[in-house]
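Hi,

As promised, here is the structure for you to open in your viewer. My notes on what turned up follow below it.

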Amino acid sequence: SCIPKMPTLRIGSKGQGVEFVQAIVMAQPIDDDFGPVTRECVIDYQMMKNLEVDGIVGQQTWTSIVTA
């Protein structure tokens, strides 16, 4: 599985992985910068999917995203 190799994303993270997550969780703007708006959208996504709610895109959240 490639999921353990996915980067953990949190406040301050940047890059294409952040842009991908922003699109999935419908964060605006999609700007490759994991800030407070993206964190809130990740929390909403985690709650909706009954995941551990921490605002961090780790293995559990990645698994949900890529197997949806």
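To begin with burial, 37% of the 68 residues of the chain count as buried. Please keep in mind that this is a predicted model. The chain averages a pLDDT of 94, and 96% of the residues score at least 70. Of the elements, helix α2 (residues 36-48) has the highest mean pLDDT, at 98, while helix α3 (residues 59-66) has the lowest, at 94.

The overall fold is quick to describe. There are three helices and zero strands, in the order α-α-α along the sequence. The radius of gyration is 11 Å, close to the 11 Å that the globule rule gives for 68 residues, so the chain is as compact as a globular protein of that length. Along the principal axes, the C-alpha atoms fill a box of roughly 30 × 25 × 20 Å. As for how the chain folds back on itself, 31% of the contacts between residues at least 6 apart in sequence join residues at least 24 apart.

Now to the helices, starting with α1 (16-25). Its buried residues are Val18, Val21, Gln22 and Val25. They cover an arc of only 105° around the axis, which puts them on the same side of α1. What do the buried residues of α1 pack against? They pack against α2 and α3. Just after α1 comes Met26, and its phi is positive, near 60°.

Helix α3 tells a related story. Thr61, Trp62, Ser64 and Ile65 are buried there. Down the axis of α3, these buried residues fall within an arc of 160°, so they line one face of the helix. The cover over them includes α1 and α2.

The helices also come together in the largest nonpolar core, which has 13 residues. Leu9, Val21, Val25, Phe34, Val42 and Val57 have the most contacts inside this core, and α1, α2 and α3 each supply at least two of its residues. Val42 is a good place to center your view: leaving out residues up to four places away in sequence, Val42 touches Val21, Val25, Phe34, Gly55, Ile56 and Val57.

Thr38 is worth a look as well. This residue lies in helix α2 and has a relative accessibility of 3%, under the 20% cut-off, so Thr38 counts as buried. Beyond residues up to four places away in sequence, Thr38 touches Gln22, Ala27 and Asp33. Gln22, you may recall, is one of the buried residues of α1.

Finally, how many aromatic pairs does a search of the whole structure find? The search finds one. The ring centres of Phe20 and Trp62 are 6.2 Å apart and the ring planes lie at 15°, so the pair is stacked. It links distant parts of the chain, with Phe20 in helix α1 and Trp62 in helix α3, 42 residues apart. The two partners also make a nice contrast in accessibility: Phe20, at 40% relative accessibility, counts as partly exposed, whereas Trp62, at 1%, counts as buried.

If you only have a few minutes, I would start with Val42 and its contacts, then turn to the stacked pair of Phe20 and Trp62.

Happy browsing, and best wishes!

Key
Residues are numbered from 1 along each chain as its sequence is written. This is a predicted model: local features need pLDDT of at least 70, side-chain atom pairs count only at pLDDT 80 or more; totals for chains, interfaces and linings use all residues. Side-chain values use heavy atoms; hydrogens and water are left out. pLDDT is the predictor's confidence in each residue, from 0 to 100. Helices (H or I, at least four residues) and strands (E, at least two) are DSSP runs, numbered from the N terminus. Buried means under 20% relative accessible area, exposed over 50%, partly exposed in between (1.4 Å probe, protein chains only). The arc is that of the directions from the helix axis to the C-beta atoms. Contact means heavy atoms within 4.5 Å. A nonpolar core is a set of buried Ala, Val, Leu, Ile, Met, Phe, Trp, Tyr and Cys residues joined through side-chain atoms within 4.5 Å. Rings of Phe, Tyr and Trp (its six-membered ring) pair if their centres lie within 6.5 Å; planes under 30 degrees apart count as stacked, over 60 as edge-to-face and the rest as tilted. The radius of gyration is taken over C-alpha atoms; the globule rule is 2.2 Å times the number of residues to the power 0.38.
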